[in-house]
Amino acid sequence: MIFIDIDGTLIDENDDFQPHVKQFIVDNKDESFFFWSGGGYQYARTWLERFEHANALPLSLAMFGAKDNRLIAPGDVVIDDLAESFTLNPGVTVIHPDALR
C-alpha cells in the first residue's frame, strides 16, 4: 500500500496539485493507494475525487481516510511532508515528497 498525505504532499499551500507527486501517482497508477489526511475522511475523499477528475485518471485501487498510523504495515510506503513522524515504523519506506522531484 502507498499512503499519500494530502496537505503539503499531494497539494501545496495554494491547493494546487504538486506535479512531482502527481507524476509519481501516474507512474504507479496500478498500485494500491491510500490518500489520507489529518483533516479526516471526507477531506481526503474530496481531494481524491478532485485528483481523479482533474487528471482523468480513475484510480481503481485507491482508498481514502483519516490519517492513522495504525493502518501502516511493514512493506508499505508513506509519502508525507512530515516524513520524520513515521521513522519509528519498522519495515516501512518513508519518502518526503521533495525526494520525488
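1. In this predicted model, a good place to begin is the pairing of strand β2 (residues 33-37) with strand β3, since the two strands run parallel and are joined by five bridges. One of these pairings can be followed residue by residue, for F33 has A62 as its bridge partner in β3. Between the two strands comes a helix, and β2, helix α2 (residues 41-55) and β3 together make a right-handed β-α-β unit.

2. Turning to charged side chains, how many salt bridges does the model hold? The count comes to five salt bridges, and the points below take up several of them, beginning with a pair that links distant parts of the chain.

3. K67 and D5 form a salt bridge in which the closest N and O atoms are 3.2 Å apart. K67 sits in the loop between β3 (62-66) and β4 (77-79), whereas D5 belongs to strand β1 (residues 2-5), and the two are 62 residues apart, so that the pair links distant parts of the chain. Their surroundings should be read separately: K67 is partly exposed, with a relative accessible area of 27%, while D5 is buried, with a relative accessible area of 5%. The pair should also not be read in isolation, as D5, K67 and D80 are linked in a network of salt bridges.

4. A further salt bridge brings together the side chains of R70 and D68, with a distance of 2.8 Å from N to O. Is R70 buried or exposed? R70 counts as exposed, because its relative accessibility is 73% and the cut-off for exposed is over 50%. D68, at 21% relative accessibility, counts as partly exposed, and a careful reader will notice that buried would require a value under 20%.

5. R101 and D98 form another salt bridge, and here the closest N and O atoms are 3.4 Å apart. R101 is exposed, with a relative accessible area of 67%, whereas D98 counts as partly exposed at 43% relative accessibility.

6. D76, which is placed in the loop between β3 and β4, deserves a paragraph of its own. This residue is buried yet has no salt bridge, and the nearest side chain of opposite charge, that of R70, is 13 Å away. Which backbone nitrogen lies 2.8 Å from a polar atom of the side chain of D76? That nitrogen belongs to A73, and the backbone nitrogen of M1 likewise lies 3.2 Å from a polar atom of the D76 side chain. If residues up to four places away in sequence are not counted, D76 touches M1, F3, L71, G91, V92 and T93, so M1 appears both in this list of contacts and, through its backbone nitrogen, beside the polar side-chain atoms of D76, where contact means heavy atoms within 4.5 Å.

7. Finally, D16 is found in the loop between β1 and α1 (19-27), and D16 is partly exposed, with a relative accessible area of 42%. Leaving aside neighbours within four places in sequence, D16 is in contact with L10 and I11. D16 and V78 are 62 residues apart in sequence, and their C-alpha atoms are 20 Å apart in space. It is instructive to set this beside K67 and D5, which are also 62 residues apart but form a salt bridge.

Notes:
Residues numbered from 1 in each chain as written. Predicted model: local features only at pLDDT ≥ 70, side-chain atom pairs only at ≥ 80, totals over all residues. Heavy atoms only, no water. Salt bridge = Lys/Arg side-chain N within 4 Å of Asp/Glu carboxyl O. Helix = DSSP H or I, 4+ residues; strand = E, 2+ residues; numbered from the N terminus. Buried < 20%, exposed > 50% of the residue type's maximum accessible area, 1.4 Å probe, protein only. Lys, Arg positive; Asp, Glu negative; His and termini not counted. Polar contact = N/O pair within 3.5 Å; in protein donor to acceptor, adjacent residues only side chain to side chain. Pairing = 2+ DSSP bridges. Right-handed = clockwise from strand over helix to strand, strands pointing away.
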